[in-house]
Amino acid sequence: MKYQSLYRISVIVWMSVKFFLQLERFRRKSKHSWDQERWQKLLKKQAREYKEKAIRLEGLLVKLGQFLATRADILPKVFLEEIEDLVDRVPSFPWEKAKHILEKEWSADYKDVIDQLSDRPVASASIGQVYRATLTSGEDVAIKIRRPNIRKIIRADFQALRIVFWLMDTFTSYGKQLDLSRLYDEVRHVIEDELDFKKELNNGLHFKERYSDHPGYRVPNYVPEWSTKKVLVMEWMEGARITNLSYIDEKKLDRKELARKLLKGYLEQLLQEGQFHADPHSGNLLIQEDGTIVFIDFGMVGHIEAKDALSIRKLITGIVLSQYTEVTEALDELRFLLPNSDKRQIEKAIQTLVTLFIEQDLTMMDEDTAEQVLKEVQTLVNKQPIQLPSEFAFLGRAISTIVGILYTLDPEIDLIEEGKPIVQEWINREEEADHRYDPKKLLKQLYARISSIENPLDRLSDEFQDHRQWKESLKQREVQSKSMLWNKHYAFILFCFSFIGFFISLALDMHSLILPTSITGGISFIIIFFIVAMEKRLWNKKEKS
């Protein structure tokens, strides 16, 4: 059943609709009194159901779960904790199928190429599984074999994902924060590229050359003559996961030094134009006995354009040097801020957050006060017209993953202090490449220290007053759209039941129900369409005002 497109689409869409309705029901019941314990239980229940279905259906649900597992900006922590082990829980497929793929791709008996082969796969992921082998030429290699029928499965799953994204765009706040249509295209492009191992081969060769002059980092060699669209052959790399702290301690490696090395090595990818490793989870980062960091699995890569690389440098430099106007300008250049956003308010919020977390002002406050400050800042930012450009979805995921690993290695790492020498390297490189820069000015900025930091509560007092006045003006607007919102919800529920009834009638050949459910679904869809159109018209009026 799990290989049938209609079944997969129905399961994925219905699970998404059910989650949405559960969340809406909870919010309605908790309108006046938020029950944090019940909220956590609901999210954990949903995450567990998602993980079970992902393991059973495999395909895009696993890949999407891996994608979401490090996105704290999209999903709550309790959900992330439940699905984070999807990387390691994918069932392997039988050796007979793997052997058939090998021999078909190589047009030869696999024993003519392989001298020794592991009895079982050493790793099994959403796209393929890996065997350890020794080639007849004597090379010790890892052989990655693509899952049977995975392209067909992924194609069906993307049809379901398109429906889910449409529902999110129409009925949730994510439609205002994300360009879901472009995000869908971005996810589809990156994952479809991952299905072609020839592209992964080219990516691996690119990173192999890129790190050739960087001592302390390694990328495996590849064997192009035996690599195809469905089979990838690369050098076997000894080592443990970079988050395997017991291994690191056993080999007497310095965790703090490893964290610094990882930060420096990965920033080489993120802060210049070109490709970056978009899937740097702990399974794709190995640590060897001598402390060498190994990057593997380049099936999922992202791209940074030249102009965006400059803005990203500006963003990081602004944070490191406490130049928050530069940070806000960089966010604007990177298309995070919509035209009607209040850059002054956003700059203040960023300054407060960096001060609280990096300068550790939270230790100077009691828990309730700190929580109130953070809640106000979060409310302020959430009310601003801020979006996540789809082209940075994988960059955000990569950064959040690396930061998580860094804090696992060294919970006390100061990213600002560790980033300053790297900023100095950027300055030196830009100085050599472009004499328009004033090195004295930049070095002065680099080592400038803030002599005193104002109390964040005082700094936010004016901001909160402005924010409360803004909230009052929004309150009247919200009343205008409330009735349309509920009408849309009721129409949506009717559409969901019609949608489910339609697929049940098809599956059970209940022809008498096909026409009524189709008509009901069509009518409810038209109602939804007109309500959305009216909401957009109202939203445009708000924007002009």
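Start by selecting Ser322, just after helix α12, where phi takes a positive value of about 60°. The model you have open is a predicted one.

**Helix α12**

Step back along the chain and select residues 306-320, which make up helix α12. The helix has 15 residues, and from its first C-alpha to its last it reaches 21 Å. That is close to the 21 Å expected at 1.5 Å a residue. Now colour the buried residues of α12: Asp308, Ala309, Ser311, Ile312, Arg313, Lys314, Leu315, Thr317, Gly318 and Val320. When viewing a helix, keep in mind that an α-helix has 3.6 residues a turn, so residues three or four places apart point the same way.

**The loop between β10 and β11**

Next, select Asp297, in the loop between β10 and β11. Its phi is near 65°, a positive value in a residue other than glycine. Is Asp297 buried or exposed? Asp297 is buried because its relative accessible area, 18%, falls under the 20% limit.

Stay in this loop and select Phe298, together with Phe207 in helix α9 (residues 197-210). The two rings form a stacked aromatic pair, 4.6 Å centre to centre with 10° between the planes. The partners are 91 residues apart in sequence, so the pair ties together separate parts of the chain. Both Phe207 and Phe298 are buried.

**Other aromatic rings**

How many aromatic pairs does the structure hold? There are eleven. One of them joins Trp95 and Tyr110 in an edge-to-face arrangement, with 5.2 Å centre to centre and 75° between the planes. Trp95 belongs to helix α5 (residues 95-106), while Tyr110 sits in the loop between α5 and β1 (114-117). This pair links distant parts of the chain, 15 residues apart. Trp95 is partly exposed, at a relative accessible area of 24%, whereas Tyr110 is buried, at 14%.

Then select Tyr211, Tyr217, Tyr266 and Phe295, which form one aromatic cluster.

**Pro94 and Arg335**

Go to Pro94, in the loop between α4 (77-83) and α5. Pro94 is partly exposed, with a relative accessible area of 47%. Add Pro121 to the selection: this residue is 27 residues from Pro94 along the chain, and their C-alpha atoms are separated by 9.5 Å.

Move on to Arg335, in the loop between α13 (324-333) and α14 (343-358). Arg335 is not a glycine, yet phi is positive here, at about 75°. Is Arg335 buried or partly exposed? Arg335 is partly exposed, with a relative accessible area of 26%.

**Helices α1 and α6**

For the last stop, show helix α1 (residues 5-29) and helix α6 (residues 150-171). Their axes come within 9 Å and cross at roughly 25°. Since angles under 35 degrees count as roughly parallel, α1 and α6 are therefore roughly parallel to each other. Their crossing is right-handed.

Which residues meet between the two helices? On the α1 side, select Ser5, Arg8, Ile9, Ile12, Val13, Ser16, Val17 and Phe20. On the α6 side, they meet Ile153, Ala156, Asp157, Gln159, Ala160, Ile163, Val164, Leu167 and Phe171.

Technical notes
Residues are numbered from 1 along each chain as its sequence is written. This is a predicted model: local features need pLDDT of at least 70, side-chain atom pairs count only at pLDDT 80 or more; totals for chains, interfaces and linings use all residues. Side-chain values use heavy atoms; hydrogens and water are left out. Rings of Phe, Tyr and Trp (its six-membered ring) pair if their centres lie within 6.5 Å; planes under 30 degrees apart count as stacked, over 60 as edge-to-face and the rest as tilted. Helices (H or I, at least four residues) and strands (E, at least two) are DSSP runs, numbered from the N terminus. Buried means under 20% relative accessible area, exposed over 50%, partly exposed in between (1.4 Å probe, protein chains only). The expected span of a helix is 1.5 Å times one less than its number of residues. Axes are lines fitted to C-alpha atoms, for helices over the stretch in contact, and angles run from 0 to 180 degrees between N-to-C directions. Angles under 35 degrees count as roughly parallel, over 145 as roughly antiparallel, 65 to 115 as roughly perpendicular and the rest as oblique. A crossing is left-handed if the near helix is turned anticlockwise from the far one by less than a right angle, and right-handed if clockwise. Contact means heavy atoms within 4.5 Å.
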